Structures are given as C-alpha cells and as structure tokens.
Amino acid sequence: MKTRLMMIASALLASLICLPASAQPAQGPGGMGGGMNGMGPGGGMMQGAGPRARAPRDCSQAQNPAACTAQREARTQAREACKNTTGPQRRQCMQEQRQNFDCTKAGNPQQCEARKMAYKECQGQTGPAFRQCMQQKMPPVDCSKAPNQARCEQHQKARAACQDKIGPEHKACLREQFGAK
C-alpha cells in the first residue's frame, strides 16, 4: 500500500513540476517566443502568416468600423509592398509604408496628420533618440473632442510630467502619474 501511495505521489509531483514548462510558448528561430504584442518570430505585423498568427480583428465590433477597415487595408498594402525584405530593411520599409496612410480615414485625422509631421521631423534618428524626438514633437491632443475629457486631460498632465523619460521609464512614470490621481 505504501509503495502504491509513493508512486501516485511521485507521478503527481512530476506532473505538477512539468506543467509550467508545457505551458510556455514554443521557441521560434533565434530564441524568440510568441509574445502578447504579436511580435513573434515572423518579424512584425504578420497576421495570418502562420499557425500561431492572431485572427484579424472584427471591424464590425470596433468603435469606428470605417477607420478599422482603412487601417487593415493600409496594413495589408504595407505587408505586400515589403514582402521581399527582412530584418532592419523590412522594419524601415514598413515604417515608410505607414506614412502613406490616408489620414482622412483615420479615427482622429488631426492626430494622424500631426504624427506624420512629427515622423518627418524625426526621420533621420533611430532608437531612443527617435522615440524621444517623436514624444517631443507630437502636439498635445485636443481634449474637447475626446469621448472622456477628464481622462484625456489627466493623460496630458501625466505626459507633461513624464516628457523627459522614454521607453519603460516613460511608461512607469505615466502609470505612477495615473495612480497618484
């Protein structure tokens, strides 16, 4: 009886130890696993490009279906234009293609145009310098047109307080500002 109990306990213990390992995402080429941001081994926005790709978003359920559809079409065109490139060249190609988006179809056309202008001003920079430049060049959002004006104004105050930070530090600062209320 003791032997049988020990075998059951051993099997249970082994299965509990192995369970977390089996729940991990598969490793792709270069050691990159699939992440929550959709940036798996495929090199970017590769919806519909493999067995682990996300299903396309249902635009009929979106807040602005026309803007969702326009964004999907622009993404498809960018992927088609950059299909023969890889690595940094693909990233550069996709960024250039994003600048061809028709802002009249965007959810917030003014913000879309402002982002395009900021991108043009910061185009020669890369990495953290580019992100810092974009953060500084983007004009404040007009909160009078926002669906939740109080939250928009709170975000603008937090953005001003965190303007000297970039990347994870910027996000942590924004979270801290929103938590302080």
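This is a short talk on the helices, disulfides, salt bridges and one aromatic pair of this structure.

Okay, before anything else: what you have in front of you is a predicted model. I'll start with helix H4 and work outwards from there.

H4 covers residues 109-122. That's 14 residues, and from the first C-alpha to the last the helix reaches 20 Å, close to the 20 Å expected at 1.5 Å a residue. So which residues of H4 are buried? They are Cys112, Ala114, Lys116, Ala118, Tyr119 and Cys122. Yes, there's a lysine on that list, Lys116. As for what covers the buried residues of H4, that includes helix H3, residues 87-98, and also H5.

Now compare Lys120, which is found in H4 as well. Lys120 is exposed, with a relative accessible area of 59%. If you want a spatial landmark for Lys120, try Gln99: the two are 21 residues apart in sequence, and their C-alphas are 9.0 Å apart in space.

Back to Tyr119, please. The count of aromatic pairs comes to one, and Tyr119 is half of that pair, with Phe130 as the partner. How do the two rings sit? Their centres are 5.7 Å apart and their planes are at 80°, so we call the pair edge-to-face; the cut-off there is over 60 degrees. Phe130 belongs to helix H5, residues 127-137, and Tyr119 to H4, so the pair ties together parts eleven residues apart in sequence. Both Tyr119 and Phe130 are buried.

H4 and H5 have another link, this time through charged side chains. Glu121 forms a salt bridge with Lys137, and the closest N and O atoms are 3.5 Å apart. Glu121 is in H4 and Lys137 in H5, so this one ties together parts that are 16 residues apart in sequence. Glu121 is exposed, at 51% relative accessible area, while Lys137 is partly exposed at 40%.

How many salt bridges does a search of the whole structure find? Three. Besides the one I just showed, Lys83 and Glu80 meet at 2.9 Å, N to O. Lys83 is exposed at 52%, and Glu80 comes out as partly exposed at 49%; the line between those two classes is 50%. Then there's Asp164 with Lys165, at 3.6 Å, N to O. Asp164 counts as exposed at 54%, Lys165 as partly exposed at 30%.

Right, disulfides. The count comes to five, and I'll walk through some of them, starting with Cys82 and Cys93. Their sulfur atoms are 1.9 Å apart, and with -85° about the S-S bond the link is left-handed. Cys82 sits in the loop between helix H2, residues 65-81, and H3, while Cys93 is in H3 itself, eleven residues away. Both cysteines are buried.

Next, Cys103 to Cys112, S to S 2.0 Å. This link is left-handed as well, with -65° about the S-S bond. Cys103 is buried at 2%, and Cys112, one of the buried H4 residues, has 13%.

Last one from me: Cys162 to Cys173, S to S 1.9 Å. The torsion is about -80°, so again left-handed. Cys162 lies in the loop between H6, residues 149-161, and H7, residues 167-180, and Cys173 in H7, so the disulfide ties together parts eleven residues apart in sequence. Cys162 counts as buried at 0%, and so does Cys173 at 9%.

That's my tour, thanks.

Methods:
Residues numbered from 1 in each chain as written. Predicted model: local features only at pLDDT ≥ 70, side-chain atom pairs only at ≥ 80, totals over all residues. Heavy atoms only, no water. Phe/Tyr/Trp six-rings, centres within 6.5 Å; stacked < 30°, edge-to-face > 60°. Helix = DSSP H or I, 4+ residues; strand = E, 2+ residues; numbered from the N terminus. Buried < 20%, exposed > 50% of the residue type's maximum accessible area, 1.4 Å probe, protein only. Expected span 1.5 Å × (residues − 1). Contact = heavy atoms within 4.5 Å. Salt bridge = Lys/Arg side-chain N within 4 Å of Asp/Glu carboxyl O. Disulfide = S-S within 2.5 Å.
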